[in-house]
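Please read the following points with the structure open beside the text. They begin with a hairpin and proceed to the sheet, the helices and the ligand.

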Amino acid sequence: MASTKEEKWVFKKLWETYRAQSLGAALWVAVRWLYGPFVEFARLLPDRGLMADFGCGKGVFANVVSFIHPELNIEGFDQNRLAVKVAVRTQGIRENIKFQEFDLRKALPAEKYDAVSMVDVLHHVPRDNQKSVIENAWQALKPGGIFLMVDIDDRPRWMAWTNYLHDSIQMNRPYLVKRKDLMDMLTSCGFVIQKQRASRSLYVPHIAFLAVKG
Ligand SMILES: C[S@@+](CC[C@H](N)C(=O)[O-])C[C@H]1O[C@@H](n2cnc3c(N)ncnc32)[C@H](O)[C@@H]1O
């Protein structure tokens, strides 16, 4: 489940954070953990400043980031009220992490954030709205701000299909985007892609882009 010492430590903290709510919440996190190298993605983010986590869901990725970067302030946004309720309960007494219900098709305050993350979200957004969500990340970032976008990769094909079936059962139809089209969307919004990294966990292929607001 977790391999490096740091991953084991992060997983233990996540488990304890969600176990305080319920065993079901903790088990759900354990399953989510298997889907991606979240510690590796979180490491790409800055140590300080203010970050928005777009599509925070129950707050798993935002919490991973807060454990790894304790001096980074994090605001998580998601339109799913029930998921946000779970995320809010993980805040505890911490002041550097907050969650709120919000539809990311609407704009956040301009140039407020040093970083924006969006992990496994875009394929949940209907095609007609995908570009405007990325544009909203762009306008919410300060000049020079970092955008970490992680989504389902289109290769290897068998994994992309297995994941498509999984998502279709869980949430109707996912709106998967090809790697090249993701890059086009980022650059046409004004982002400069600095790094891209493909990874595989279980049956989920991920592509991570680290982009800068130029
Ligand atoms: C797989 S979850 C991602 C969870 C989270 N990023 C994590 O890694 O723990 C995808 C989330 O995107 C959210 N989402 C999709 N469209 C959205 C929108 N327009 N505004 C806000 N959230 C949205 C869904 O509600 C869902 O919680």
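1. In the hairpin of β6 and β7, 2 residues lie between the strands, and L202 takes a positive phi near 50°. Strand β6 covers residues 191-201 and strand β7 residues 204-213, and the two pair in the antiparallel sense over 10 bridges. K195 has L210 of β7 as its bridge partner. Here two strands pair if DSSP finds at least two bridges between them. Strands (E, at least two residues) and helices (H or I, at least four) are DSSP runs, numbered from the N terminus.

2. The model is a predicted one: local features need pLDDT of at least 70 and side-chain atom pairs count only at pLDDT 80 or more, whereas totals for chains, interfaces and linings use all residues. Residues are numbered from 1 along each chain as its sequence is written.

3. The hairpin strands belong to an open sheet of 7 strands with mixed pairing, in the order β3-β2-β1-β4-β5-β7-β6. Which strands stand at the edges? They are β3 (97-101) and β6; each has a single partner strand, so one side of each is left without a neighbour in the sheet. From one strand to the next the twist averages 15°. Angles run from 0 to 180 degrees between N-to-C directions, and axes are lines fitted to C-alpha atoms, for helices over the stretch in contact.

4. Within this sheet, strand β1 (residues 49-54) and strand β4 (residues 113-119) run parallel and are joined by 4 bridges. F54 has M118 of β4 as its bridge partner. In a regular strand, side chains alternate between the two faces of the sheet.

5. Helix α4 lies across β1, β2 (72-78), β3 and β4, and runs at about 180° to β2. Contact between two residues requires that their C-beta atoms, placed from the backbone, lie within 7 Å.

6. How do the axes of helix α1 (residues 5-19) and helix α2 (residues 23-33) cross? They come within 7 Å and cross at roughly 150°. That makes α1 roughly antiparallel to α2, because angles over 145 degrees count as such (under 35 is roughly parallel, 65 to 115 roughly perpendicular and the rest oblique). The contact includes F11, L14 and W15 of α1 and V29, A30 and W33 of α2. Its residues divide into 10 nonpolar, no polar and 1 charged. Ala, Val, Leu, Ile, Met, Phe, Trp, Tyr, Cys and Pro count as nonpolar, Asp, Glu, Lys and Arg as charged, and the others, Gly among them, as polar.

7. The axes of α1 and α4 (residues 60-68) come within 10 Å and cross at roughly 125°, and so α1 is oblique to α4. V10, K13, L14 and T17 of α1 meet V60, N63, V64, F67 and I68 of α4. By class, this contact has 6 nonpolar, 2 polar and 1 charged residues.

8. Around the ligand there are 17 residues, of which G55, G57, V60, F61 and L104 come nearest. A residue is near a molecule if its C-beta atom, placed from the backbone, lies within 6 Å of it. The shell has 8 nonpolar, 5 polar and 4 charged residues.
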